[in-house]
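Notebook open, model loaded. I'm jotting down what I look up as I go.

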Amino acid sequence: MEESEEPSETVLREIYEESGVKGVRIIELLGIYQYNMTPYRNEIQERYVYYLELTQPTPSTWRHWEIHPSTSKNSISFDFYWVRLDGSDLGLAGGQGYFLSKLVDKTKNSGDSANT
């Protein structure tokens, strides 16, 4: 988070910086948790997890170079693609799937046919 930035502002900025996706709106905050980054960094992160909705079309796959990488002076290339939220293990790295089951439940209960 940038200084004086709210978590809800941060998530929208980070989505754009790291994926290039602009058309996103927040549905709700799913929760907050702490994650120990050891052995990669000596840091405990406080993570805010949001349920988001796309408001603009996005491709099924795309490549984006992170605008402001925090761990390198060079831009970092990321390849993106959508997966179905069907409750299976999606193998998210770095503890990022902490609230995934809660999100799966919400999308099932919302009647969202895409579940992606």
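I started with the side chain of E5, which reaches the backbone nitrogen of E2 at 2.9 Å. Worth remembering that this is a predicted model, so I treat that distance as a computed value.

Next I checked where E5 sits: it belongs to the segment before helix 1, and that helix covers 7-19. Is E5 buried or exposed? I got a relative accessibility of 14% for E5, so it goes down as buried, because the cut-off for buried is under 20%.

Then I asked which residues E5 touches once its neighbours within four places in sequence are set aside. I found T10 and R13.

Moved on to I76. I located I76 in the loop that links strand 3 (61-65) to strand 4 (77-81). Its relative accessible area came out at 26%, so I noted I76 as partly exposed; the partly exposed class lies between the 20% and 50% limits. I also looked up the C-alpha distance from I76 to E66 and wrote down 5.3 Å, with the two residues 10 apart along the chain.

Last, the whole chain. I counted 2 helices and 4 strands, and reading along the sequence gave me α-β-β-β-β-α. Of the 116 residues, 26% are buried. For contacts with a separation of 6 or more, I noted that 50% join residues 24 or more positions apart. The exposed area of the chain is about 8,400 Å², and 48% of that comes from carbon and sulfur atoms.

Key. Residues are numbered from 1 along each chain as its sequence is written. This is a predicted model: local features need pLDDT of at least 70, side-chain atom pairs count only at pLDDT 80 or more; totals for chains, interfaces and linings use all residues. Side-chain values use heavy atoms; hydrogens and water are left out. Buried means under 20% relative accessible area, exposed over 50%, partly exposed in between (1.4 Å probe, protein chains only). Contact means heavy atoms within 4.5 Å. Accessible areas come from the Shrake-Rupley method with a 1.4 Å probe; for residues, only the protein chains shown count as cover. A polar contact is a pair of N or O atoms within 3.5 Å; within protein, one must be able to donate a hydrogen and the other to accept it, and residues adjacent in sequence count only if both atoms are side-chain atoms.
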